[in-house]
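User: I would like to learn how to read the features of a model like this one, taking one kind of feature at a time. Could we begin with how exposure is read, and go on from there?

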Amino acid sequence: MASVSSRPSNGLSAPESSTVPSPQQISAQRSIASPDAISPRIPAANTAQIIKLQHHLEGHRGQRFILVIQDFPDPDALSSAWAFQLIAAQYEIQCEIVYAGTLSHQENIALVKLTGLPAKRWGPQMLKDIDLSDYQGCVLVDSQGTNSQLMPLVQEADIPVVVIIDHHSQQEEVEAENAFVDIRPGSRSTATILTEYLQGGTLDFNSSNPTHVKCATALMHGLRSDTINLLQAQEAEFMAAAYLSRIYDAQLLNAVLQSARSKRVMEVIERSLQNRVVQNNFSLAGVGYLRYEERDAIPQAADFLATEENVHTALVYGIVHDRANDIELVIGSLRTNKLTLDPDEFLKDSLGMDGAGRYYGGGRDMAGGFEIPVGFLTGCNDQAEYTKLKWEVFDRQLKQKFFRLINPDHRVVHS
């Protein structure tokens, strides 16, 4: 596999002065901004990226892309993908936003329903029958392809990755030799990057267009969710929020944020309270078995436990059963307000990596997560005693691994 490259493909060369510009060249000249036309508040390096993106999209004018986001998309991924879709439409590029998992967090469901956000779920049956031959390129937004079941199908269909935009650290290598790549680990959200593109003139983004208003609202939600209500925001996030504040719909965003938790989520939070073990200001809770569509209850339970007095870090985990694909995963979320704790380092040190050298967990500032395949022990959940024993094994093993770092003197974990 070739490594990710930031070299743009299909750059436009200036037409000779003695020739008459073609309609395509005239269109390109109108749609690509000069550096002087871009807001002076945008750093020069980012201005160069905006112009690269415009040239790159011009080189793919009229094509059709599949825009892949993570299996369980969050507001940052959803809003950023939508913004990219609108930008690409300026170049007559059709972008279909797709994900292979599910929307289970009530705010994500509300965001999609209330704004009409055009993301499509490709379920297990569709994955079996899907024909990708109509797509000329694949776009990854808030992702580098490692968190989607769709990427193996994209690779099998020989669809080239043409764009990668992400704010996470560079992950495993992606075949993207001729792609536009903008990976900014220093950015707090991908919505920040896409908003900067909009500020840079890639689209006449304004409050008189209802679709733009809804997209701006989604981007504002993406910003606030990935920065914990802007508490972790840096200058770029505040600049992006200031720009969006002139366009977004505050009442619509409030409606998204006021969406009610389901009864099932409340039950998982209750279970995490009952099962939590607190040591050295860490709260650990195993919540047992959950259905695939309920997995977002785990981070919500972690958010809740992290608010307890004298707790700075909460870890919640459970076994999630994906019946459609007959797989089980141990899914976990970490939330912390301890500034000196690095979630990425903590989870990687605690859980290690699989046989292929991929870490089971990782994170960013104040939050992290992990997935561990149950593998050979998957299934047989109709046998109550076996199911109970299987959970006890995973629960005890995880506690042992976490307490090894939380409390080095802790030798044996008892249920």
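**Reading exposure, packing and backbone angles**

Analyst: At a relative accessibility of 36%, isoleucine 228 counts as partly exposed, and this residue sits in the loop between helix H8 (210-226) and helix H9 (235-244). Please keep in mind throughout that the model is a predicted one.

User: What is the phi of isoleucine 228?

Analyst: The general idea comes before the case: most residues other than glycine have a negative phi. In this model the phi of isoleucine 228 is near 50 degrees, a positive value in a residue other than glycine. Asparagine 229, likewise placed in the loop between H8 and H9, has a phi near 60 degrees, which is again a positive value in a residue other than glycine.

User: How many helices and strands are there in the protein chain, and what share of its residues is buried?

Analyst: The protein chain holds 14 helices and 12 strands, and buried residues account for 52% of its 415 residues. As for how contacts are spread along the sequence, of those between residues at least 6 apart, 68% join residues at least 24 apart.

User: How should I read a pair of packed helices, and at what angle do the axes of H4 and H10 cross?

Analyst: Two packed helices are described by the angle between their axes and the distance between the axes. Here the axes of helix H4 (residues 106-115) and helix H10 (residues 250-257) come within 8 Å and cross at roughly 145 degrees, and the crossing in which H4 passes H10 is right-handed. On the H4 side the meeting residues are Glu107, Ala110, Leu111, Leu114 and Thr115, while H10 brings Leu252, Ala255, Val256 and Leu257. Sorted by class, this contact has 7 nonpolar, 1 polar and 1 charged residues.

User: Which residues are in contact with histidine 105, leaving aside its neighbours within four places in sequence?

Analyst: Histidine 105 lies in the loop between strand S2 (94-99) and H4, and it is buried because its relative accessibility is 17%, below the 20% cut-off. With its neighbours within four places in sequence set aside, histidine 105 is in contact with Asp296 and Gln300. Its C-alpha atom is separated by 9.9 Å from that of isoleucine 298, a residue 193 places away along the chain. Serine 262, in the loop between H10 and helix H11 (263-275), is 157 residues from histidine 105 in sequence and 9.1 Å from it in space, C-alpha to C-alpha. Unlike the buried histidine 105, serine 262 is partly exposed, with a relative accessible area of 34%.

User: Where do the buried residues of helix H13 fall when seen down its axis?

Analyst: The buried residues in helix H13 (residues 343-351) are Pro343, Phe346, Leu347, Ser350 and Leu351. Seen down the axis of H13, these residues fall within an arc of 100 degrees, so they line one face of the helix. They pack against strand S8 (282-291), strand S9 (313-322), strand S10 (327-336), strand S11 (361-364), strand S12 (367-373) and helix H14 (384-406).

User: Is lysine 388 in helix H14 buried, exposed or partly exposed?

Analyst: Lysine 388 belongs to helix H14 and is partly exposed, with a relative accessible area of 47%. The C-alpha atoms of lysine 388 and tyrosine 289 are separated by 9.8 Å, although these residues are 99 apart along the chain.

User: Which residues does glutamine 85 touch, not counting those up to four places away in sequence?

Analyst: Glutamine 85 has its place in helix H3 (residues 75-89) and counts as buried at 16% relative accessibility. Outside that sequence neighbourhood, glutamine 85 touches Cys95, Ile97 and Pro118. Isoleucine 51, in helix H2 (residues 44-59), is buried as well, with a relative accessible area of 15%, and its C-alpha atom is 6.6 Å from that of isoleucine 32, 19 residues away along the chain.

User: How many disulfides are there, and how far from cysteine 138 is the nearest cysteine sulfur?

Analyst: A disulfide is read as a pair of cysteine sulfur atoms within 2.5 Å, and by this rule the count comes to 0. Cysteine 138 is in no disulfide, the nearest cysteine sulfur being that of cysteine 95, 9.9 Å away. Cysteine 138 is buried, with a relative accessible area of 0%, and cysteine 215 is buried with a relative accessible area of 0% too.

Terms used:
Residues numbered from 1 in each chain as written. Predicted model: local features only at pLDDT ≥ 70, side-chain atom pairs only at ≥ 80, totals over all residues. Heavy atoms only, no water. Axes fitted to C-alpha atoms, helices over the stretch in contact; angles between N-to-C directions. Helix = DSSP H or I, 4+ residues; strand = E, 2+ residues; numbered from the N terminus. Left-handed = near helix turned anticlockwise from the far one by under 90°. Contact = heavy atoms within 4.5 Å. Nonpolar A, V, L, I, M, F, W, Y, C, P; charged D, E, K, R; others polar. Buried < 20%, exposed > 50% of the residue type's maximum accessible area, 1.4 Å probe, protein only. Arc of directions from axis to C-beta.
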